[in-house]
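Subject: A structure for you to look at

Hello,

I am passing on the structure we talked about, and I would be glad if you could open it alongside this email. My notes on it follow below.

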Amino acid sequence: MALFAIGSVVFNGCSAVASEVSPVAKNPANAVQNSTDSGIKGSTIETKENGPADTVRAFYTKLREKRVREAIYLTNLRPAIEGLSDDELKEFSVDFEAVAKRVPEKIQITGEIISGELATVTANLPNDEDKFEPQKITLKKIGEFWIIQTVDEVAEELIKKEGKNYFRSLKIESHQEDAKEMLERIAKAQIVHSIQNGGKYGEILKLVELEILPEDVGTSASTGYNYAVVLTDGGTGYYGTATPAEYKKTGINSYILVPKDKGMPVVSGRDNGGKPLTK
């Protein structure tokens with residue numbers, strides 16, 4: 001399941017690099033007091049208070065401590081969160097907490113390059129497989145502060161336009177993709193069950209029990225959707241559904257998985273007012 005788009009912003013939003021020589025060695029003017037250590041093997045650099053590297057470190061520290069609003073304020077995602085009340089922010093708590101758990105206790109920063117109002121910081125961060133690799137983080141100086149550029153200029157303009165609705169729209173899109181993916185997994189699990197059980201299909205709980213479906217199919221917590229399998233013709237037929245747990249909040253479209261006589265089952269969906277689709 002997707003961690004929600006913020007996960008990509010935090011860990012994969014900036015391109016990874018194979019290696020980076022610390023620019024401190026090239027330009028001592030970038031290195032001042034306040035050096036830090038790291039729990040990860042490799043070089044570290046000294047950082048200037050409120051400088052680019054220090055801003056990156058502060059961002060991940062606040063995120064790990066679940067001080068989400070303070071963390072996002074250090075990025076150009078700020079317009080998407082500053083209009084949210086604390087209660088509205090809680091809507092995204094599961095997503096942000098999942099990301100926060102992936103943030104290492106100590107952030108290893110290996111490079112900082114400053115060029116006028118732009119800067120690039122290199123840090124070792126976990127990738128999609130939770131293996132550490134060097135990644136570049138771009139920052140821009142706005143007034144007296146360095147701001148992490150988590151999205152490009154086009155997305156930044158969209159964020160300014162949508163404001164606090166941006167994260168909700170992003171979350172809905174992510175959940176809808178998750179829902180379609182889960183139905184496709186149900187289809188594959190049913191093929192396995194049918195082969196092993198004389199052409200008969202299984203209930204969702206049975207598929208989970210046999211470990212051919214993940215347990216989170218039984219809850220809307222991670223995907224924002226509720227799933228159901230309806231057996232037909234004495235178990236020799238079935239169809240599956242995915243319905244938003246909270247219409248227009250966790251998802252808009254409802255989806256249905258319908259087996260075909262030949263080939264893989266087909267997933268289709270549409271806005272059905274938050275109600276399940278039927279055959």
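Which strand and which helix each supply at least two residues of the lining of the largest pocket? They are strand E3 (132-142) and H7. Please keep in mind throughout that this is a predicted model.

Let me stay with that pocket for a moment. The largest pocket has a volume of about 320 Å³. Its lining is made up of 17 residues, and those nearest the centre are Asn76, Ile142, Ile147, Gln149 and Glu156. Sorted by class, the lining of the largest pocket holds seven charged, six nonpolar and four polar residues.

From the pocket, it is a natural step to the first of the sheets. E3 belongs to an open sheet of four strands, in the order E1-E2-E3-E4, with antiparallel pairing. Strand E1 (108-115) and strand E4 (145-148) are the edge strands, each pairing on one side only. On average, neighbouring strands of this sheet are turned by 30° against each other, direction ignored.

Two of the strand pairs in this sheet are worth a look:

- E1 and E2 are antiparallel and pair over seven bridges. Ser115 has Leu118, in E2, as its bridge partner. The hairpin of E1 and E2 has two residues between the strands, and Gly116 there takes a positive phi near 65°.
- E3 and E4 also run antiparallel, and four bridges join them. Here Lys140 has Ile147 of E4 as its bridge partner. You will recall Ile147 from the pocket, where it is among the lining residues nearest the centre.

A helix goes with this sheet as well. Helix H3 (residues 52-64) lies across E1, strand E2 (118-126), E3 and E4. The direction of H3 is at about 135° to E1.

Now back to H7, which you met at the pocket. Helix H7 (residues 153-162) packs against helix H8 (residues 165-196) at an angle of about 115°, and their axes are 7 Å apart. H7 and H8 are therefore roughly perpendicular to each other. On the H7 side, the contact is made by Leu158, Ile159 and Glu162, and on the H8 side by Asn165, Tyr166 and Ser169. Three of the residues in this contact of H7 with H8 are nonpolar, two are polar and one is charged.

Further along the chain there is another sheet to look at. Four strands make up this open sheet, in the order E5-E6-E7-E8, and the pairing is antiparallel. Its edge strands are strand E5 (225-232) and strand E8 (266-271), each of which pairs on one side only. Neighbouring strands of this sheet are turned against each other by 20° on average, direction ignored. Within the sheet, strand E6 (residues 237-244) pairs with strand E7 (residues 253-258) in the antiparallel sense, over three bridges. If you would like a place to start there, Thr241 stands opposite Ile256 in E7.

That is what I have for now. Do write back with any thoughts once you have had a look.

Best wishes

Technical notes
Residues are numbered from 1 along each chain as its sequence is written. This is a predicted model: local features need pLDDT of at least 70, side-chain atom pairs count only at pLDDT 80 or more; totals for chains, interfaces and linings use all residues. Side-chain values use heavy atoms; hydrogens and water are left out. Axes are lines fitted to C-alpha atoms, for helices over the stretch in contact, and angles run from 0 to 180 degrees between N-to-C directions. Angles under 35 degrees count as roughly parallel, over 145 as roughly antiparallel, 65 to 115 as roughly perpendicular and the rest as oblique. Contact means heavy atoms within 4.5 Å. Ala, Val, Leu, Ile, Met, Phe, Trp, Tyr, Cys and Pro count as nonpolar, Asp, Glu, Lys and Arg as charged, and the others, Gly among them, as polar. On a 1 Å grid over the protein atoms alone, a cavity is a set of points where a 1.4 Å probe fits but cannot get out, and a pocket is an open set with protein on both sides within 12 Å along at least five of seven lines; lining residues have an atom within 4 Å of a point. Grid points are joined across faces, edges and corners, and a volume is the space filled by probe spheres set on the points. Two strands pair if DSSP finds at least two bridges between them.
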